[in-house]
Each structure stands twice: as structure tokens, then as C-alpha cells.
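Please open the structure in your viewer and keep the selection tool at hand, since this tour moves from one selection to the next and says what is found at each.

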Amino acid sequence: MFTATGSDWEQRAAALHLRTGLLIDGEWVQGSAEPLTPISPRDGRALPAISAASDADVDRAVRSARAAFDSGCWSQRAPRERGQALIAFAQKIHDNAEELALLISLEMGKPIREALQTEMRAVVNCFRWYGEAVDKVLDELPVTSPNSLALVTREPAGVVAAVVPWNFPLTMTAWKLAPALAVGNSVVLKPAENSSFSALRLAELALEAGIPAGVLNVTPGRGHEAGRALGEHNDVDVITFTGSPEVGRKFLTYSGLSNGKRVWPELGGKTASLVLPDADLERAVRATADGCFYNQGQMCTASSRLLVPRADRDRALEIAAEVARTTLPADPFEVTTSMGAIVSENQLRSIAGFVERADAEGAEIAAGGAERFDAVAGGSYFAPVVVGVTPENEVARREVFGPVLSVIAYDDLDDALAIANGTEYGLAAALWSNDLNAVHRVSRRIKAGVVWVNCFEEGDMTMPFGGVKGSGYGRDKSLHALEKFTDLKSTWIELS
Ligand code: NAP
Ligand code: MG
């Protein structure tokens, strides 16, 4: 769909018009909280301050969303018309994809090539897919008796608040917005502090595409202010959240202490990539390392644990280390770059801390180290790390959210499954084998919402995405996502 070309992305970034307000009821307004002071992780340069939402600003956005909902300007439109508006929105995004990709790259350090060719493609596809789908969903007519007619219909929930992270900023946003809007809800979006510029521009394009004012509001701000205020608001019906387990559980508390709103958490992961003895070791290890380092390792699904038979452990470490040494960070604005900057200095320090502690615990460090990498002066860069560890090491249990791969040896299949299932998470897993029976048997025993067999990160809009256990229970993508944003209504008609 898109190809990143040219060598002038830095000049193009300098010429960008950055939106810095709150978008409420179709108007740019100033928030009353202390403004955000974003920094580009590419070179450490300060970006323009962004207005931040307080409780009062969030309340204003929710009231705008409610008024739009109640007016019926969107909620009562025929599904096909809403679908056409979403398809028009997808086209607007398509036509402005380079600008949006550049905003992402500037604010969170993703390579421009990935931002454009992978992320923007996913965003356009997502809005298009829900736009095309929404008038093809059927309600139910249960069989009852000759004297009655029973209808089971789905109605939009009302006001949906979406709180999202920065790692795939617009993809995560699209996964929430597209299904929520498709079925007629109004939305208030709270982007991550590190990725508000792209969210604001996206919402402006929604207005330009004809989605009515008030149907999509954006309240940038701090998690503990703007995010909390949405979680606690008594007139928000649904929270759809992607982020850390810690914050996801806060939303469950906010809900319990306010109006009991529905919360759909999609949280972190600690993906195991399980290589069975018959698999092509080299292929499996290379794909796992790539899957761990992709997006600078800042991925909920990052394949951060490589599980190999004990006899293959040293060879696996060698192959993974070679991938690490040839996947070095570079300027995100160069179209040849595949690994960009870490989102922030805080995140970089957190990643380095994991490596230091692994070293102190006696892990074998086969590639990289705890030091920062110098790709662009002033920026936040970190080269991939490969460590040989036991399942007990901290780095093998906790989500690092950085390019750190743990290589772990297992003794037999039961041991491998105990390790694979032995974290608090259950988002995704990969399995490598050509033995058909083993593939089916083992994939059933893996506790995860997504299992990839002989591949990594494959998917489609038709497939739900989400986890189990500590990874939460929300599901993005597919027709199932529509269920999160609708209420079932049972209507019983007595035919006398
Ligand atoms: P995070 O700290 O949980 O933040 C996510 C969102 O919640 C941000 O908008 C954040 O705002 C907001 N927030 C923070 N504290 C809050 C609070 N006390 N109350 C209400 N909202 C609050 O996550 P992150 O650091 O951005 O992203 C990394 C995490 O997301 C990882 O654990 C990763 O695995 C997970 N993730 C999961 C998926 C998935 O699909 N399962 C996908 C991507 C990422 P601020 O920006 O102001 O902090
Ligand atoms: Mg955070």
C-alpha cells in the first residue's frame, strides 16, 4: 500500500504543523492541566507543548460525546451510512499516511519505514474493514412459540472511552475506534503522552471525513489525570484499554468505585517461542529474535522467551546473538532503518536495568549489554541483547518492553510447557514444529489468546487479538470486537 522513499524526512518533520490542543465537540480547545512537554526520542529535542486535560476538561469531552450520542447524528444513522463514513475516513488516512507516519516516528522513535509501511497500512485496513463489515452483521430471532416473536438485537453502548499506549499508537487507536464507532457509539480518546500528536491529527481527519463533531473527542493528558478521570466518570459506559497490567487493573478499580462501567483490558505479555526438537532451529531462532527486536522490542507480543531443547541451547544462543549484532539501531528518519529509538529515556533506563540485574543474577550475556547505543546524537537508542537464562531469572519472567531476548533450555515437552505457561501473562505464543500431531496437541496446551505456528506476528482483521490470565481479556479486531461496544436487548412481543 505504501513505500517510504526519499531522504528528506528530517526536513519534512521540521515543516509539520503539530496539533497541540484538545479536540472537543469538533473544536480545538485548551486544557486546564499542566501542559505536556514531549521530547522526540530520535534526537532528544523538545517538541511543542501539548495542552493537557483535567477532570473538568474530561467531563466536557464526555458531555460532548453524550450529547452527540443522544442527538442520533451518528448513533441513529443506518449502519451502511456509518460504514461509508468510516470508509471515507480510511481514505483520508490513506491520503495523509505519510504525515501520520512521520508524526509517529517523530514522537515515539519508530523507523519511518515501519510507521508507514506496517502501521499506517494496518490503520487504513482496520477502518476500512469495520466500515465494510458493519452492515453485514445480523441480529437474532430465536425460535419461541407461535404466539410470540422474540428479538435479540444489539444496541450501541453509548459513550466509549479509549485509553491507549504509544508503541503502535495509531494501530491500537484504530482497533478501538473503528469497531466502537461502527456500531454507533461516541468516543473519547486519551492517547499516551508519548504519542498524542498522531492521535490529534487522526481525529482531525475524522472530522474532515464527515464524522460529526462530538462523536470523536480527544483529551491528551497524563494517565493519572485524564486517564483516571475517564475511568472514574459516571457517564462513560465502556472503557477500552491497552497498556500495562498495573494500569489495566486500576481501570477495574475506577469502574468499581464509580458507575460499574464495562472495562476491556488488553495488557502486556511474555511470549514464549517454543522450538520442538524436530523444527528447523535456525529458522525458528532467527524469526524469534526478529520478533523480539521488532519495534525496538516495545511490543506486547514480543517473542522475548526462546525455549529450545537443552541440546540446542548453545547453538540457539549463537544464532540469536548473530541476529542481535546485525540488528542495530539507526536514524528513524532513514528509510533503510529497521530499528529506531526507544520511546523515552525512562524506558531506556528501565530496559538497561533489566540487563544489569540479569548480569548480576549470573545470566550469560551473548550479545549486547546494558549500555546505551549512539545512533543519532541526543537520542535514546539501545542495541539488542541476548541472554542465556533459567526460567527463574527476572528477565525471563517479567515484561521488559525492550529488545532483550531470553534463551531458555528445556528437558522435555512437559518441562517446556511448564516454562511456557509459567508466567503471569497469556497473550501470545509461537510454536515451531513440522509434526502435525505435536502442533495440535501442544498448541492446545499453551495458555495464550494467540498461537502462531511456524510463523510470527501473522494475523488478519478477521481474527480476534487478545490474551488470557494477566494479559487481560479484551479482544481487538474481528467481528467479536463489536460485542464489546454493544448491549444485547431482548424484546418479547406477544402475538394475540
Ligand atoms: P501504560 O503505562 O499502562 O499506559 C497506557 C495508557 O494508560 C496511557 O495512555 C497512559 O497514559 C495511561 N495511564 C497511565 N497511568 C494511568 C492511570 N493511573 N490511570 C489511567 N490511565 C493511566 O502502558 P504503556 O507504558 O503506554 O505501554 C506499555 C504496556 O502496554 C506494556 O505492558 C505492553 O505490553 C502493553 N501493551 C499491550 C498490548 C495488547 O494489545 N495487549 C498492546 C500494546 C501494548 P500516559 O501516557 O500518561 O502514561
Ligand atoms: Mg507507562
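The stops below go from the domains to their interface, then to the ligand, and end at a single serine.

Before selecting anything, keep in mind that this is a predicted model. Begin by colouring the chain by domain, with residues 6–267 and 477–490 as domain 1 and residues 272–448 as domain 2, as the domain assignment gives them. The centres of domain 1 and domain 2, taken over C-alpha atoms, are 31 Å apart.

Next, select the residues where the two domains touch, which are 26 residues from domain 1 and 31 residues from domain 2. Between them, domain 1 and domain 2 bury about 2,200 Å², and 58% of this area is on carbon and sulfur atoms. Which three residues of domain 1 supply more of the area it buries against domain 2 than any other three? Select Arg 42, Pro 111 and Trp 166, which together supply 27% of that area.

Stay with Arg 42 and add Asp 331 to the selection, and you will find their side chains joined in a salt bridge, with 2.7 Å from N to O. The count of salt bridges between domain 1 and domain 2 is two, and 10 residue pairs, both partners at pLDDT 80 or more, are in polar contact across the interface. To see which elements carry the domain 1 side, show helix H1 (9–14), helix H4 (97–108), helix H5 (112–133) and helix H9 (245–257), each of which gives two or more residues to it. By class, that side of domain 1 has 12 nonpolar, seven polar and seven charged residues.

Now move to ligand 1 and select the 32 residues around it, of which Glu 193, Ser 244, Tyr 254, Leu 267 and Glu 399 come nearest. A polar side-chain atom of Glu 193 lies 2.4 Å from an oxygen atom of the ligand. Backbone atoms take part as well: a backbone N or O atom of Val 164 is 2.8 Å from an oxygen atom of ligand 1, and a polar backbone atom of Gly 243 is 3.3 Å from an oxygen atom of ligand 1.

For the last stop, select Ser 344, in the loop between helix H11 (313–325) and helix H12 (345–360). A polar atom of the Ser 344 side chain lies 3.1 Å from the backbone nitrogen of Gln 347. Leaving aside residues up to four places away in sequence, Ser 344 touches Pro 41 and Ser 380.

Definitions and conventions:
Residues are numbered from 1 along each chain as its sequence is written. Chains are lettered from A and ligands numbered from 1 in the order in which they are written. This is a predicted model: local features need pLDDT of at least 70, side-chain atom pairs count only at pLDDT 80 or more; totals for chains, interfaces and linings use all residues. Side-chain values use heavy atoms; hydrogens and water are left out. Domain bounds come from an automatic or database domain assignment. Contact means heavy atoms within 4.5 Å. Buried area is the accessible area (1.4 Å probe) that two parts lose on being put together, summed over both. A salt bridge is a side-chain nitrogen of Lys or Arg within 4 Å of a carboxyl oxygen of Asp or Glu. A polar contact is a pair of N or O atoms within 3.5 Å; within protein, one must be able to donate a hydrogen and the other to accept it, and residues adjacent in sequence count only if both atoms are side-chain atoms. Helices (H or I, at least four residues) and strands (E, at least two) are DSSP runs, numbered from the N terminus. Ala, Val, Leu, Ile, Met, Phe, Trp, Tyr, Cys and Pro count as nonpolar, Asp, Glu, Lys and Arg as charged, and the others, Gly among them, as polar. A residue is near a molecule or strand if one of its heavy atoms lies within 4 Å of it.
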